[in-house]
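Today I'm poking at aromatic rings and jotting down what I look up. Short notes, one thing at a time.

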Amino acid sequence: MIDRIEIKNLAKESLKGNWGIAIGSFLLYSILFSALSSTGIGGFIVGFLVAGYISVYMSLIRTKTAKLEMLFSGCKNFVTNFLAYFLVQIFTVLWSLLFIIPGIVKSISYSQTMYILNDHPEMSATEAITESRKMMNGHKMEYFVLMLSFFGWAILSMLTFGILLLYVSPYMQATFAAYYEKLKEQPVLENV
């Protein structure tokens with residue numbers, strides 16, 4: 001069991017003195033993601049950008065430092081990041097066609113894929129997806145509750161016309177990066 005309060009505290013600690021890079025990377029990521037996604041094919045190639053964004057927050061959690069250039073680090077492994085992101089999106093949509101609940105469960109199962117590729121760029125996209133599924137065995141409800149813990153922040157962000165996202169999004173990303181760090185220390189459970 002991963003302590004939600006502990007990882008949220010780790011996230012807050014990693015952001016101390018790093019709000020400039022956290023907000024800057026969030027803004028640049030949001031602008032680029034939106035611009036690429038608005039093009040017909042762009043929505044499918046943003047995997048490298050997602051990988052870079054994750055890299056920024058992994059660095060903040062691990063070393064308490066990061067650079068804006070890290071946002072483009074996903075370009076080094078462009079094809080694998082592209083395939084991993086694309087496959088996760090396709091698999092999630094296909095599971096969602098069965099019903100919304102299987103889609104949510106599978107999206108949680110695949111949630112660690114890009115973090116795994118950040119640590120293991122030698123892995124293929126399907127290997128990282130499989131590893132994510134294994135890592136999330138026994139942790140899906142825990143991760144779901146972690147996501148739900150940001151629901152109030154999401155509502156407040158809407159009430160402030162998105163301005164609060166300058167705080168909430170970095171805090172969420174740092175929390176999910178801290179979760180991955182704790183998750184990889186856990187023993188992998190067989191199919192639960």
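I started with Tyr 57, which is buried, with a relative accessible area of 1%. I kept in mind that this is a predicted model.

Next I looked up Tyr 53, and its relative accessible area is 3%, so Tyr 53 is buried too, given that buried means under 20%. Tyr 53 and Tyr 57 both sit in helix 3 (residues 47-63). They are four residues apart there, about one turn of the helix.

Then I wanted the total for the rings: how many aromatic pairs are there? The count comes to 15 aromatic pairs.

One of them is Trp 19 with Tyr 167, and I noted this pair as stacked. Their centres are 5.2 Å apart, with 20 degrees between the planes. I checked where the two partners sit: Trp 19 is in helix 2 (residues 19-38), while Tyr 167 is in helix 10 (residues 165-183). That's 148 residues apart, so this pair links distant parts of the chain.

Are these two buried or exposed? Trp 19 counts as partly exposed at 28% relative accessibility. Tyr 167 is partly exposed as well, with a relative accessible area of 28%.

Back to Tyr 53 and Tyr 57: they form an aromatic pair that is edge-to-face. I wrote down 5.1 Å centre to centre and 80 degrees between the planes.

Which group does Trp 19 belong to? I found it in one aromatic cluster with Tyr 143, Phe 150, Trp 153, Tyr 167, Tyr 171, Phe 176 and Tyr 179.

Last entry: I looked at Phe 150 from that cluster. The charged end of Lys 8 sits over the Phe 150 ring, 4.3 Å from its centre.

Methods
Residues numbered from 1 in each chain as written. Predicted model: local features only at pLDDT ≥ 70, side-chain atom pairs only at ≥ 80, totals over all residues. Heavy atoms only, no water. Phe/Tyr/Trp six-rings, centres within 6.5 Å; stacked < 30°, edge-to-face > 60°. Helix = DSSP H or I, 4+ residues; strand = E, 2+ residues; numbered from the N terminus. Buried < 20%, exposed > 50% of the residue type's maximum accessible area, 1.4 Å probe, protein only. Lys NZ or Arg CZ within 6 Å of the ring centre and 35° of its normal.
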